[in-house]
Amino acid sequence: MEYKVIDHFENKETIVSAIYKRLILECEKFGTVVQSPKKTSIHLDAKSGFAGVYTRKDCLLLHIHTNFEIDNPRIEKTEKISANRFKNTVRIKNPDEIDKQIIDWLESAYKLKS
């Protein structure tokens, strides 16, 4: 089955697509961003994946792939996924939460994977 980005916003509150649109707008300032929809998520790729988006009813879970652990109260969970890679999860409930701090983390992840 082929998945589409739009599929991830069915039965979700409208704020979820607004958050996603803001996220993509900010990430595209770094360079080309390929949106790769999967069954349960949307991968954001430069040359490889730098972030993952998981839609929920009223928010997004954003996984930011870095070469460092982000030590910040906004990070709900951090997983070490390989020797030098971490998946840092942040819950975003409003487009305004995509602020300089999150953009900086995303840009670091983007540069790592481009």
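N11 is exposed, because its relative accessible area is 73%, and a cut-off of over 50% is what counts as exposed here. In this predicted model, N11 is found in the segment before helix α1, and its phi is near 60 degrees, a positive value in a residue other than glycine. Most residues other than glycine have a negative phi.

## The chain as a whole

The secondary structure of the protein chain comes to two helices and six strands, and from the N terminus on these elements run in the order α-β-β-β-β-β-β-α. The radius of gyration of the chain is 13 Å, close to the 13 Å that the globule rule gives for 114 residues, so the chain is as compact as a globular protein of that length. Taken along the principal axes, the box filled by its C-alpha atoms is roughly 35 × 30 × 25 Å.

Of the 114 residues, 43% count as buried, while the accessible surface of the chain comes to about 6500 Å², of which 47% belongs to carbon and sulfur atoms. When contacts with a separation of 6 or more are considered, 54% of them are accounted for by residues 24 or more positions apart.

## The two helices

Which residues of α1 are buried? They are V16, I19, Y20, L23, I24, E26 and C27, and because they cover an arc of only 165 degrees around the axis, they lie on the same side of α1. An α-helix has 3.6 residues a turn, so residues three or four places apart point the same way. The face of α1 turned away from this buried side carries the exposed residues T14 and K21. The 14 residues of α1 should span 20 Å at 1.5 Å a residue, and its end C-alpha atoms are 20 Å apart, which agrees.

Helix α2, which runs over residues 100-112, can be examined in the same manner: its 13 residues should span 18 Å at 1.5 Å a residue, and its end C-alpha atoms are 18 Å apart, which agrees. The buried residues of α2 are I102, I103, W105, L106, A109 and Y110, and their arc of only 160 degrees around the axis puts them on the same side of α2. K100 and K111, on the other side of α2, are exposed.

What do the buried sides of these helices pack against? Those of α1 pack against β1 (34-37), β2, β3, β4, β6 and α2, whereas those of α2 pack against α1 (14-27), β3 (49-55), β4 (60-66), β5 (75-82) and β6 (85-92).

## The nonpolar core

The largest nonpolar core has 29 residues, and of these Y20, L23, L44, F50, L62 and L106 touch the most other members. At least two residues of this core are supplied by each of α1, β2 (42-45), β3, β4, β6 and α2. One of the core residues just named, L23, can be followed further: leaving aside its neighbours within four places in sequence, L23 is in contact with L44, V53, L62, I98 and L106.

## Three single residues

The table below sets out three residues, with the place and the relative accessibility of each.

| Residue | Place | Relative accessibility |
|---|---|---|
| E26 | helix α1 | 9%, buried |
| A46 | loop between β2 and β3 | 19%, buried |
| K80 | strand β5 | 58%, exposed |

Why does E26 count as buried? Its relative accessibility is 9%, and buried means under 20%. Not counting residues up to four places away in sequence, E26 touches I98 and I103; of these two partners, I103 is also among the buried residues of α2.

A46 is buried as well, because its relative accessible area is 19% and the cut-off for buried is under 20%. Leaving aside neighbours within four places in sequence, A46 is in contact with T32, Y110, K113 and S114, and one of these partners, Y110, is a buried residue of α2. From C-alpha to C-alpha, A46 and N84 are 18 Å apart in space, and they are 38 residues apart in sequence.

Is K80, in strand β5, buried or exposed? At 58% relative accessibility, K80 counts as exposed. Even so, K80 is in contact with R85 and F86 when its neighbours within four places in sequence are left aside. K80 and I70 are ten residues apart in sequence, and their C-alpha atoms are 11 Å apart in space.

How values were computed:
Residues numbered from 1 in each chain as written. Predicted model: local features only at pLDDT ≥ 70, side-chain atom pairs only at ≥ 80, totals over all residues. Heavy atoms only, no water. Helix = DSSP H or I, 4+ residues; strand = E, 2+ residues; numbered from the N terminus. Expected span 1.5 Å × (residues − 1). Buried < 20%, exposed > 50% of the residue type's maximum accessible area, 1.4 Å probe, protein only. Arc of directions from axis to C-beta. Contact = heavy atoms within 4.5 Å. Rg over C-alpha atoms; globule rule 2.2 N^0.38 Å. Areas by Shrake-Rupley, 256 points an atom, 1.4 Å probe, with all protein chains shown as cover. Core = buried A, V, L, I, M, F, W, Y, C linked by side-chain atoms within 4.5 Å.
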